[in-house]
Amino acid sequence: MRRTPKQASNVGPEKEFRAGGFRDVMRRLIRHNKLAAFSAAVILLLILAAALAPVLTPYGETDMDLTCRLAAPSAKHLLGTDEGGRDILTRMLYGSRISLLTGVVPTLMSMALGAMLGMLAGFRGGKTDTVIMRTADVMLAFPSILLAMVIMYTMGDGLINVFLTLTLVNWAEVARIVRAETLRLKKSEYIEAARVAGVSRPRIILRHILPNCMPTLIVLFTLNVPTAIMTESSLSFLGLGIQPPFASWGRMVNTGRKYLFNAPWLCFAPGAAIMVCVLAFYFLGNGLRDTLDPHLQDR
Amino acid sequence: MLNSLLRRAGQACVVLLAVAMLLFVMLRIVPGNPVTTMMGEHADSATIERMTAEMGLDQPIYVQFWKYLTGALRGDFGTSYSLKKPVTQLMAAALGNTVKLAVFASLFAWIVGIGCGLLAALRKNSLPDRLFMGFSLLGVSMPVFITAMVLQYVFAFRLRWLPISGADHWASFVLPAVALGWNSAGNISRLVRSTLLDILEENYIDTARAKGRRPLGVLTRHALRNAMLPVITMMAIQFSGLLSGAVITETVFSINGIGQLTVQAITGRDIPLMQGTVLFSVTVVILGNLLADCLYSVLDPRIRKEA
């Protein structure tokens with residue numbers, strides 16, 4: 001999302017928007033918000049760990065060692081073993097793949113859907129607006145975990161269905177925010193100018209509204225990834241989300257619950273991973289919000 | 001004002017109806033006949049047909065929905081497939097524990113949230129401020145089941161101060177209430193802090209100080225009264241959230257409440273029970289939002305006059 005200075009100067013004066021290129025944003029982040037920069041590093045590490053899982057651990061994801069079940073953390077098994085004698089750290093490294101995927105993929109999908117519908121509602125107004133926003137109201141009336149449970153029930157288990165569920169749960173909020181943004185942008189002079197110049201509607205949306213919504217969308221993305229990870233882990237915790245043989249962090253906590261009192265590392269190690277991951281995205285999101293999009297602050 | 005509130009109430013009813021309809025359709029497009037689930041695989045086809053007709057499942061879906069809706073308005077949510085009892089009766093039995101849990105969790109959230117937010121705002125950027133804000137951040141970012149299990153492990157299993165699970169004694173509600181209310185305490189304390197910091201910059205606070213009013217008086221009579229406005233609305237929304245969102249807390253601490261009933265309904269593929277419990281939660285959330293709207297316009301004279 002590189003932005004030339006010319007494009008940036010297009011933005012109306014009412015918005016204190018000073019975003020430069022990616023490098024510029026990162027530089028500002030490192031200078032002014034050490035916590036956010038550190039969080040970005042943590043996220044990078046998590047992604048690397050997920051990608052390099054087979055290299056980082058001597059054990060396989062499902063390697064069982066029945067002589068060494070529910071073993072406490074030791075030099076051989078840094079975070080102990082589970083009820084089948086599988087190495088927890090290894091399971092967590094592989095689990096981070098699923099957890100990160102369920103954070104990122106459905107968030108991208110719900111952002112795409114929400115942004116499209118939000119821009120359409122804001123730009124077209126009238127009946128389109130009413131239909132889209134009332135649908136969003138209905139979705140937002142559900143407590144998100146209950147909506148996710150009902151959709152999972154309807155569609156059945158499986159990774160793809162988890163993705164779809166999280167998309168359906170999260171698009172409405174994105175649509176609402178993007179619609180508000182579109183309504184604001186619609187009034188600005190350069191959109192007016194484009195309209196007078198005879199630029200077609202789809203082109204205005206894609207070339208003028210979408211790029212100007214980008215900072216908001218990027219911030220929303222970093223803040224929605226942890227929400228998706230939390231919802232997935234809650235679903236898995238209730239036994240509804242990811243099914244074996246896949247292991248997500250939430251799923252590991254779910255299976256570990258039976259041994260909470262004699263082998264607490266089964267729950268607490270993946271639990272801590274969820275927390276670190278969620279916090280890192282949260283801090284990064286807050287930092288990006290302050291740098292990219294000051295007016296989102298009161299959200 | 002009354003007009004706008006009535007309009008809001010009307011909108012809320014429409015949303016609720018739409019939710020009921022969506023839920024009804026969603027739970028019925030699931031493949032598989034509920035009668036076979038209920039009677040087991042060994043039932044013969046004649047019995048299944050008879051039962052399907054008896055339960056009205058052979059009728060068109062809009063007829064079924066109309067029947068359900070008129071029944072629901074009279075307080076009849078059908079009969080649970082798995083527990084073989086009226087859904088209304090099951091929910092009424094579970095409601096007490098859920099309400100207790102929500103009340104305790106809200107008390108925790110309000111007291112801790114307002115207290116921490118107040119102290120943090122008064123000592124901005126001090127050590128307590130940072131500690132409280134860190135505490136609230138943990139509450140906002142930790143999944144409820146992790147908080148719940150850590151509390152259960154440390155305070156019930158290791159220290160043996162409180163019961164591990166159940167709902168027999170008031171002490172059993174302490175840990176679940178903290179686990180459930182922490183998130184909300186975090187949200188409230190951040191809101192109190194930021195509103196109070198804004199208000200303390202206002203001119204009328206300087207005026208009050210210049211008049212020679214004591215700091216405590218300035219705080220309670222001038223600053224807090226104005227800061228409470230958004231906080232009270234948030235408290236209303238959060239309370240309904242707690243009442244409807246206890247699914248995970250109730251599961252971890254094995255409390256017989258509406259949340260656990262919902263989980264039971266899903267694992268038992270029990271459509272009427274699921275419909276009833278989810279509809280209950282959605283109604284609570286919608287009512288909470290409506291209440292927040294009302295409170296806002298009643299408490300803020302500017303909005304009261306405007307409308």
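**Exercise 1.** What area is buried between domain 1 of chain B and domain 2 of chain B, and what percentage of it do carbon and sulfur atoms give? Describe the contact between the two domains in this predicted model.

*Solution.* Begin with the bounds: the domain assignment of chain B places domain 1 at residues 2-73 and domain 2 at residues 87-306, and the centres of these two domains, taken over C-alpha atoms, are separated by 33 Å. Next, take the area, which comes to about 1400 Å² buried between the two domains of chain B, with 77% of it given by carbon and sulfur atoms. The contact is made by 15 residues of domain 1 of chain B and 14 residues of domain 2 of chain B.

Then turn to the polar side of this contact, where the rule finds one salt bridge between the two domains, and where two residue pairs, both at pLDDT 80 or more, are in polar contact. On the side of domain 1 that touches domain 2, helix H1 (residues 2-28) of chain B gives the most, with 12 residues, and by class this side has 12 nonpolar, one polar and two charged residues.

**Exercise 2.** How many residues does each chain bring to the contact of chain A and chain B? Work out the make-up of the side that belongs to chain A.

*Solution.* Chain A brings 33 residues and chain B brings 40 residues, and together the chains bury about 3400 Å², 85% of which lies on carbon and sulfur atoms. Across this interface the rule finds zero salt bridges, while three residue pairs, both partners at pLDDT 80 or more, are in polar contact. The elements of chain A that give two or more residues to its side of the contact are helices H6 (126-141), H7 (144-155), H10 (201-237) and H12 (265-292), and H12(A) gives the most, with nine residues. By class, the side of chain A that touches chain B divides into 27 nonpolar, four polar and two charged residues.

**Exercise 3.** Which parts of chain A does the pair A:Arg179 and A:Asp129 tie together? Follow the salt bridges between the helices concerned, and then a similar pair in chain B.

*Solution.* The closest N and O atoms of A:Arg179 and A:Asp129 are 2.7 Å apart, and the two residues form a salt bridge. Because A:Arg179 lies in helix H8 (residues 159-186) and A:Asp129 in helix H6 of chain A, the pair ties together parts that are 50 residues apart in sequence. A:Arg179 is partly exposed at 23% relative accessible area, whereas A:Asp129 counts as buried at 15%.

A further salt bridge joins the side chains of A:Arg176 and A:Asp137, at 2.6 Å from N to O; as A:Arg176 lies in helix H8 and A:Asp137 in helix H6 of chain A, this pair ties together parts 39 residues apart in sequence. A:Asp137 and A:Arg176 also belong, with A:Arg134, to a network of salt bridges.

In chain B, the side chains of B:Asp129 and B:Arg193 meet in a salt bridge at 2.9 Å, N to O, and this pair ties together parts 64 residues apart in sequence, since B:Asp129 lies in helix H6 (residues 127-141) and B:Arg193 in helix H8 (residues 174-199) of chain B.

**Exercise 4.** Is A:Ala136 buried or exposed? Identify its contacts.

*Solution.* With a relative accessible area of 0%, A:Ala136 is buried, and its place is in helix H6 of chain A. Not counting residues up to four places away in sequence, A:Ala136 touches A:Trp171 and A:Ala172. The C-alpha atoms of A:Ala136 and A:Trp171 are separated by 8.1 Å, although the two residues are 35 residues apart along the chain.

How values were computed: Residues are numbered from 1 along each chain as its sequence is written. Chains are lettered from A and ligands numbered from 1 in the order in which they are written. This is a predicted model: local features need pLDDT of at least 70, side-chain atom pairs count only at pLDDT 80 or more; totals for chains, interfaces and linings use all residues. Side-chain values use heavy atoms; hydrogens and water are left out. Contact means heavy atoms within 4.5 Å. Buried area is the accessible area (1.4 Å probe) that two parts lose on being put together, summed over both. A salt bridge is a side-chain nitrogen of Lys or Arg within 4 Å of a carboxyl oxygen of Asp or Glu. A polar contact is a pair of N or O atoms within 3.5 Å; within protein, one must be able to donate a hydrogen and the other to accept it, and residues adjacent in sequence count only if both atoms are side-chain atoms. Helices (H or I, at least four residues) and strands (E, at least two) are DSSP runs, numbered from the N terminus. Ala, Val, Leu, Ile, Met, Phe, Trp, Tyr, Cys and Pro count as nonpolar, Asp, Glu, Lys and Arg as charged, and the others, Gly among them, as polar. Domain bounds come from an automatic or database domain assignment. Buried means under 20% relative accessible area, exposed over 50%, partly exposed in between (1.4 Å probe, protein chains only).
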